[in-house]
Amino acid sequence: MFAELFAELAAGRSIAVDQLRRLFDIAITKKLGVVKLPPSFWMQDPKINPRADHLLWAALLLADEERVALAFSALAVEHDERQRHLPPEDREPVGRVLDRYLQQLVDLLPADGQQYQQLEQLLDSVRPQ
């Protein structure tokens, strides 16, 4: 759902905040509907089940703590489901996943240390202790 917007961002073009906000609201509604289902029914089509990393990136770009918390909730549910099938020594903490997604977003953005700090502060608001 967000691929075109992030491609614009990667190309150095700005994205419309209102469009991003509307798209996030539609996508999070779809995502929350999917994660309410038993995991065996989770569809992989991003039009039905938007990517959790893209939801998180959109929420961070919107600088909206509530949206970041919603995106993190969906991401945590999916992450927990994938991790519970692994032996304990192979499980990855969700905090590490957040760090990786933040770095991937920062890699798309023009170099701006201040923006990185702002994004990191938003993530800290949902980061498990």
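A crossing of two helices is left-handed if the near helix is turned anticlockwise from the far one by less than a right angle. With that in mind, here are some close-up views of this predicted model.

**View 1. Helix H2 passes helix H4 in a left-handed crossing.** Welcome to the meeting place of H2, which covers residues 17-35, and H4, which covers residues 65-83. The axes of H2 and H4 cross at roughly 30 degrees and come within 10 Å. The residues of the contact of H2 with H4 divide into 8 nonpolar and 5 charged, with no polar ones.

**View 2. The side of H2 that meets H4 includes Phe-24, Ile-28 and Leu-32.** Look along H2 for Arg-21, Asp-25, Lys-31 and Val-35 as well, since these residues also take part in the contact. Their partners in H4 are Arg-67, Leu-70, Ala-71, Ala-74, Val-77 and Glu-78. Two names here are worth keeping for the next view: Lys-31 of H2 and Glu-78 of H4.

**View 3. The largest pocket has a volume of about 240 Å³.** Of the 15 residues in its lining, the closest to the centre are Lys-31, Gln-44, Asn-49, Glu-78 and Arg-82. Lys-31 and Glu-78, familiar from the contact of H2 with H4, are thus back in the picture. Helices H3 and H4 each supply at least two residues of the lining. By kind, the lining residues of this pocket divide into 7 nonpolar, 2 polar and 6 charged.

**View 4. Helix H3 is mostly covered.** Of the 11 residues of H3, 10 are buried. Among them you can find Trp-57, His-54 and Asp-53, along with the leucines Leu-55, Leu-56, Leu-60 and Leu-62. The alanines Ala-52, Ala-58 and Ala-59 are buried too.

**View 5. Just after H3, Ala-63 takes a positive phi.** Most residues other than glycine have a negative phi. For Ala-63, phi is near 55 degrees, a positive value in a residue other than glycine. This alanine is found in the loop between H3 and H4. Is Ala-63 buried or exposed? Ala-63 counts as exposed because its relative accessible area is 55%, and the cut-off for exposed is over 50%. For a sense of distance, compare Ala-63 with Gly-33: they lie 30 residues apart along the chain, and their C-alpha atoms are separated by 24 Å.

Methods:
Residues are numbered from 1 along each chain as its sequence is written. This is a predicted model: local features need pLDDT of at least 70, side-chain atom pairs count only at pLDDT 80 or more; totals for chains, interfaces and linings use all residues. Side-chain values use heavy atoms; hydrogens and water are left out. On a 1 Å grid over the protein atoms alone, a cavity is a set of points where a 1.4 Å probe fits but cannot get out, and a pocket is an open set with protein on both sides within 12 Å along at least five of seven lines; lining residues have an atom within 4 Å of a point. Grid points are joined across faces, edges and corners, and a volume is the space filled by probe spheres set on the points. Helices (H or I, at least four residues) and strands (E, at least two) are DSSP runs, numbered from the N terminus. Ala, Val, Leu, Ile, Met, Phe, Trp, Tyr, Cys and Pro count as nonpolar, Asp, Glu, Lys and Arg as charged, and the others, Gly among them, as polar. Axes are lines fitted to C-alpha atoms, for helices over the stretch in contact, and angles run from 0 to 180 degrees between N-to-C directions. Contact means heavy atoms within 4.5 Å. Buried means under 20% relative accessible area, exposed over 50%, partly exposed in between (1.4 Å probe, protein chains only).
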